[in-house]
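Open the model in your viewer with the sequence panel beside it. The stops below can be taken in order.

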Amino acid sequence: MRIAVVGTGYVGLVSGTCLAETGVTVSCVDVDAAKIEMLNQGGIPIYEPGLAELVEKNRQRGRLFFTTSLKDALQGADAVFIAVGTPPDEDGSADLRYVLGVAHEIGTLMEDYIVVVTKSTVPVGTNSKVKQAIGEELRRRGVEVAFDVASNPEFLKEGDAVNDFMHPDRVVIGVESERAGRVMERLYHAFALNNTSLIFMDIPSAEMTKYAANSMLATRISFMNDIANLCELVGANVDAVKQGIGSDSRIGNKFLNAGCGYGGSCFPKDVKALIRTGENHGYPMGVLQAVEQVNERQKSVLFHKILRHYGGDLQGKHFGVWGLAFKPATDDMREAPSLVLISRLLEAGATVKAYDPVAMEECRRRIGDRIDYAGDMYEALEGADAMVVVTEWQEFKVPKFTYIERALKEKVVFDGRNIYDPAQMAEFGYTYYGIGR
């Protein structure tokens, strides 16, 4: 099979590369000529473990190509995937200008039957708009070319996206014709052979499934953060509560870790978009509104703990921050809790020196030199009044506490991800603050 993938961002590049790994010939298209040149030279524009090696392997084997020409990519293609960004608009709704722009371009260029697959996360009803946009261009050209639209949402975790794509829990496919279904079935044949469930459904249901999945996960996180905050007030331990409820087979133990809030490119955007979809249909999404409110409040929980410890005065205090990315194994800082913490510390008159294994340049791009950047995790703590953990990178979990003790002015640790044992920290002589325990 031959497919085109429009967009070489996170979703497009991972999806195109992994489909090439199954034997499909893939042409990835992007309007950013510099990015395409980088990919053709063996570079990669995003940080995702294992992706660079897979890109190079399939490029060398002639299954993966990069181009700025959608016209060339469409030649002989069985399907074209739209995998461009859908950033939140000012009102929280998904901005569809890039998705529909691609749809219009496909309509001006297509010559033969093709399945137009929306991979971008889009609200219910978007595929109808894609179909309409393509139809408008075909009518403008005065030609009749058969085509179908389909929805194929992605369920990728940043930091583990390659594994998620190659070994999915399920593949959700929304179609409206048998012909489109057959094309998608052929495309995912390798996954079906590995006993992956291919779940076919109508297009609106497929569109909704993506938002519902991410919103459910965000809900679990905010729920546990709410429970954690109450645990602190009543003297309970959120770790014990997590174990107690997570062992219930109806609940399970995933996404029940208390912390300083979620971030990234998916959960915040998708929760906002689903709330907005409800508003557009006259239905308030009360649970998700609360999820969003709890998460925004939780991003300041570390700052308030720090403020209370120092009696409300942070003027002249200096903090060493471990972790900038919104989660480990990525350099993504979109909606990252670290940005909220840093901003509030600086506003209160404190200074910050931070370290992150991969997100330092991204942080510098976002906030410049408002903070200092360390060469390693221990350098970030030198001369600091306290240490603050914001991202649970593996290398932070078993640190050399003798190094920490020598670096800090006082043995004070604010742990926003509960990666240390409170009893052990007390034994080592640290004043320790976690979340909900």
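A residue counts as buried when its relative accessible area is under 20%, and as exposed when that area is over 50%. The model is a predicted one.

**Stop 1: a buried salt bridge**

Select E154 and K210, whose side chains meet in a salt bridge with an N to O distance of 3.1 Å. The pair links distant parts of the chain, 56 residues apart: E154 is in the loop between β6 (147–151) and α7 (161–166), and K210 is in helix α10. K210 has a relative accessible area of 3%, so K210 is buried. E154, with 4%, is buried as well.

**Stop 2: other salt bridges**

The whole structure holds 27 salt bridges. Go to E362 and R365, which form one of them at 2.8 Å, N to O. Why are E362 and R365 separated by about one helical turn? They are three residues apart in helix α16 (residues 360–367), which puts about one turn between them. In general, an α-helix has 3.6 residues a turn, so residues three or four places apart point the same way. E362 is buried at 17% relative accessible area, whereas R365 is exposed at 62%.

Next select K35 and D30, which meet in a salt bridge of 3.9 Å, N to O. D30 has 13% relative accessibility and therefore counts as buried. Then show D239, D415 and R437 together; salt bridges link them in a network.

**Stop 3: strand β4 and its partners**

Select residues 79–82, strand β4. Which side chains point which way? A79 and F81 point one way, V80 and I82 the other, and all are buried. Strand β1 (residues 2–6) runs parallel to β4 and is joined to β4 by four bridges; V6 has I82 as its bridge partner. Strand β5 (residues 114–118) also pairs with β4 in the parallel sense, over four bridges, and here A79 stands opposite V115.

**Stop 4: an open sheet of six strands**

Colour the strands in the order β11-β10-β9-β12-β13-β14; they make an open sheet with parallel pairing. The edge strands, β11 (372–373) and β14 (431–433), each pair on one side only. Strand β10 (residues 351–355) runs parallel to β11, joined by two bridges, and A354 stands opposite Y373 of β11. Now add helix α15 (residues 337–347), which packs on the sheet and touches β9 (318–322), β10 and β12 (386–389). The directions of α15 and β10 make an angle of about 155°.

**Stop 5: positive phi values**

In the loop between β9 and α15, select A329. Its phi is near 70°, a positive value in a residue other than glycine. N195 also has a positive phi, near 70°, and is not a glycine; find N195 in the loop between α9 (189–193) and β8 (197–201). N195 is exposed, with 71% relative accessibility.

For a glycine, go to G311, just after α14, where phi is positive at about 65°. In helix α14 itself (residues 301–309), the buried residues are V301, L302, F303, K305 and I306.

**Stop 6: a nonpolar patch**

Finish on the surface with L230, L233 and V234, which make a nonpolar patch of about 340 Å². L230 lies in helix α10 (residues 203–234). Its relative accessible area is 47%, so L230 is partly exposed.

Conventions:
Residues numbered from 1 in each chain as written. Predicted model: local features only at pLDDT ≥ 70, side-chain atom pairs only at ≥ 80, totals over all residues. Heavy atoms only, no water. Pairing = 2+ DSSP bridges. Contact = heavy atoms within 4.5 Å. Axes fitted to C-alpha atoms, helices over the stretch in contact; angles between N-to-C directions. Buried < 20%, exposed > 50% of the residue type's maximum accessible area, 1.4 Å probe, protein only. Patch = residues over 30% accessible without salt bridge, like charges linked within 9 Å, V, L, I, M, F, W, Y side chains within 5 Å. Areas by Shrake-Rupley, 256 points an atom, 1.4 Å probe, with all protein chains shown as cover. Salt bridge = Lys/Arg side-chain N within 4 Å of Asp/Glu carboxyl O.
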